[in-house]
Amino acid sequence: MPSLTAQQTLPTPAGEPHIHYLDGQLHIEAVPVAALAKSLGTPLYCYSKSALVAAWQAYWQAASGRDILICYGMKANSNLAILQLFAKFGSGFDIVSGGELQRVLAAGGDPRKVVFSGVGKQAWEMSLALKAGVKCFNVESTAELRRLSEVATGLGQQAPVSLRVNPDVDAQTHPYISTGLKENKFGIAIEDALDAYRFAKTLPGLKIVGVDCHIGSQITEVSPYLDALGKLINLIQTLQHDGIALTHLDLGGGLGIRYDDEKPLAPKDLLDAVFAELNKHGLSHLQLVLEPGRSLVGNAGLLLTEVQYLKHTEDKHFAIVDAAMNDLMRPALYQAWHGVLAASPRHDTKPITYDIVGPVCESADWLAKNRSLCIQEGDLLALESAGAYGFVMASHYNARPRPAEVLVDGPTWQVIRERETFEDLIRAERLLDL
Ligand code: LLP
């Protein structure tokens with residue numbers, strides 16, 4: 001990979017060495033992003049393969065010598081090529097729908113390494129997963145236990161289950177991505193878990209194999225994990241006394257990444273702390289399952305967009321770009337912060353503080369606010385940390401085809417999703433017989 005040129009005037013990309021400036025040009029690995037935009041157009045999602053590899057290795061190395069299954073939380077980015085890469089690394093997958101299972105299978109993933117999460121699994125999805133032979137269903141209610149047992153019995157099978165327990169801990173993250181509090185819809189309240197396990201044991205179509213929790217996303221401290229783990233350990237010990245032995249413990253996903261100045265927790269810090277607790281309580285025989293999504297893909301991605309117009313009003317300066325909330329929804333939905341980098345930073349104009357907004361007819365259609373930039377119409381910008389919950393949350397709002405996606409590998413790149421066309425948008429629609 002080309003070496004970094006230390007240019008004091010250039011901004012520092014968000015914690016990702018695979019995205020960097022070389023000779024004044026923003027590169028993803030060895031490819032100038034301007035070359036990608038020229039060839040593939042904008043808006044464009046680009047991902048660095050070596051960043052994906054490095055993120056995977058951070059988990060893998062931290063896991064070394066321990067019984068761990070990493071099930072990539074594929075809702076973060078479910079492009080088939082990305083799934084194929086993770087499958088090749090040996091990853092399992094955390095899925096939340098029948099569609100996600102079909103994606104795993106289409107990408108060559110191993111269904112025996114799939115855990116199926118989600119509060120609203122339908123009978124057809126359970127049946128699909130049972131036929132595929134998934135590792136485990138993370139069940140979120142007694143009603144779901146009942147339905148799963150029926151579906152499994154109908155197929156002459158026993159479904160492997162974990163109960164997703166809601167440990168009532170505060171993950172100290174954005175309320176929309178916090179899932180482990182009592183008020184959230186997720187999981188079975190920790191105080192009801194023993195009864196739910198006893199109930200599951202009575203159902204003929206179920207085989208109890210584990211316990212699961214997922215307390216939230218973009219977590220940057222180890223303490224919420226340890227709070228949750230402490231409660232799960234108590235539960236596991238109570239279950240042992242009750243004659244219910246588990247073989248795995250799933251702590252979910254949630255490790256944060258650097259968007260701005262966060263100091264994310266490294267997988268090793270989490271795993272060392274978790275294993276110390278498990279050893280202390282004589283539970284080192286349990287396999288540890290993790291479901292990381294964002295931390296495997298988030299910082300590997302950029303969303304490239306071209307400045308269309310600069311608009312100066314009495315109160316504000318706007319840079320109107322060709323990407324919008326339909327392409328990257330996180331700012332509109334969570335007021336999320338994504339770094340903005342100029343592909344070719346200028347030194348010929350004075351910096352101005354801009355709001356970066358899209359063409360969609362909503363005031364919520366902004367991608368970044370109050371960013372000091374030297375830009376002109378036609379300039380190329382990159383929104384950082386767009387690898388997770390970027391394309392997957394994109395929509396067609398305002399009849400906007402979704403962007404293309406490209407994977408960069410050293411000096412080469414490959415399109416992993418074609419840009420949509422107008423025909424793609426209307427393919428499933430029918431005119432009336434008027
Ligand atoms: N496992 C379960 C059961 C989950 O619900 C999630 C994410 C994950 C694993 C992966 O979590 P991660 O490692 O990515 O934090 N759209 C939001 C994030 C929603 C997360 C939903 N669940 C965002 O853009 O921030």
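This is a guided tour of one structure, stop by stop, with something to select at each stop. The model you have open is predicted.

**Stop 1: the ligand**

Start by selecting the ligand and the residues around it. The shell holds 17 residues, and those that come nearest are Ser 217, Glu 291, Arg 330, Tyr 334 and Tyr 389. If you colour the shell by class, you will find five nonpolar, six polar and six charged residues.

Now look at the polar atoms. Which residue offers a side-chain N or O atom 2.6 Å from a ligand oxygen? Select Tyr 389, and you have found it. Next, show the backbone of Gly 293, where a polar atom sits 2.8 Å from an oxygen of the ligand. The backbone of Arg 294 also has a polar atom beside a ligand oxygen, at 2.7 Å. How much of the ligand's accessible area does the protein cover? Of the 590 Å² that the ligand has on its own, 92% is covered.

**Stop 2: a buried glutamate**

Go to Glu 29, in the loop between strand 2 (25-28) and strand 3 (31-32). Glu 29 is buried but has no salt bridge. The nearest side chain of opposite charge belongs to Lys 49, 8.1 Å away. A salt bridge needs a nitrogen and an oxygen within 4 Å, so this pair does not make one. Still, keep Lys 49 selected and show its backbone: the nitrogen there lies 3.0 Å from a polar atom of the Glu 29 side chain.

**Stop 3: salt bridges**

The model has 16 salt bridges in total. Here are some to select.

- Pick Lys 75 and Asp 94, whose side chains form a salt bridge with an N to O distance of 3.5 Å. Lys 75 is in the loop between strand 5 (68-73) and helix 3 (80-89), while Asp 94 is in strand 6 (residues 92-95), so the pair links parts of the chain 19 residues apart. Are these two partners buried or exposed? Lys 75 is partly exposed at 33% relative accessibility, whereas Asp 94 is buried at 2%.
- Pick Asp 242 and Arg 198, joined by a salt bridge of 2.8 Å, N to O. This pair links distant parts of the chain, 44 residues apart: Asp 242 follows helix 8 (223-241) in the loop before strand 12 (248-250), and Arg 198 is in helix 7 (residues 193-202). Asp 242 is partly exposed, with 28% relative accessible area, and Arg 198 is partly exposed as well, with 38%.
- Pick Glu 405 and Arg 417, whose side chains meet at 2.7 Å, N to O. Twelve residues separate them, with Glu 405 in strand 20 (residues 404-409) and Arg 417 in strand 21 (residues 412-417). Glu 405 is buried, with just 1% relative accessible area.

To finish this stop, select Arg 66, Lys 268 and Asp 272 together: salt bridges with shared partners join them into one network.

**Stop 4: along helix 3**

Select helix 3 and begin at its N-terminal end. Asn 79 caps that end, with a side-chain oxygen 2.8 Å from the backbone nitrogen of Ala 81. Along the helix, the buried residues include Ala 81, Ile 82, Leu 85 and Phe 86. As you look at them, remember that an α-helix has 3.6 residues a turn, so residues three or four places apart point the same way. After the helix comes Gly 90, with a positive phi near 105°.

**Stop 5: backbone surprises**

Most residues other than glycine have a negative phi, and most peptide bonds are trans. Three places in this model go the other way.

- Thr 42 to Pro 43 is a cis peptide bond, with omega near -5°. Pro 43 is in the loop between helix 1 (33-40) and strand 4 (44-48).
- Gln 218 has a positive phi, near 55°. Look for it in the loop between strand 11 (206-212) and helix 8. Gln 218 is buried, at 13% relative accessible area.
- Ala 399 has a positive phi of about 50°. Its loop runs between strand 19 and strand 20, and Ala 399 is exposed, at 56%.

**Last stop: Ser 385**

Finally, select Ser 385, in the loop between strand 19 (380-383) and strand 20. Ser 385 is buried, at 2% relative accessibility. Which side chain does it touch? Select Asn 299: the two side chains make a polar contact of 2.9 Å.

Notes. Residues are numbered from 1 along each chain as its sequence is written. This is a predicted model: local features need pLDDT of at least 70, side-chain atom pairs count only at pLDDT 80 or more; totals for chains, interfaces and linings use all residues. Side-chain values use heavy atoms; hydrogens and water are left out. Helices (H or I, at least four residues) and strands (E, at least two) are DSSP runs, numbered from the N terminus. Buried means under 20% relative accessible area, exposed over 50%, partly exposed in between (1.4 Å probe, protein chains only). Lys and Arg count as positive and Asp and Glu as negative; His and the chain ends are not counted. A polar contact is a pair of N or O atoms within 3.5 Å; within protein, one must be able to donate a hydrogen and the other to accept it, and residues adjacent in sequence count only if both atoms are side-chain atoms. A residue is near a molecule or strand if one of its heavy atoms lies within 4 Å of it. Accessible areas come from the Shrake-Rupley method with a 1.4 Å probe; for residues, only the protein chains shown count as cover. Ala, Val, Leu, Ile, Met, Phe, Trp, Tyr, Cys and Pro count as nonpolar, Asp, Glu, Lys and Arg as charged, and the others, Gly among them, as polar.
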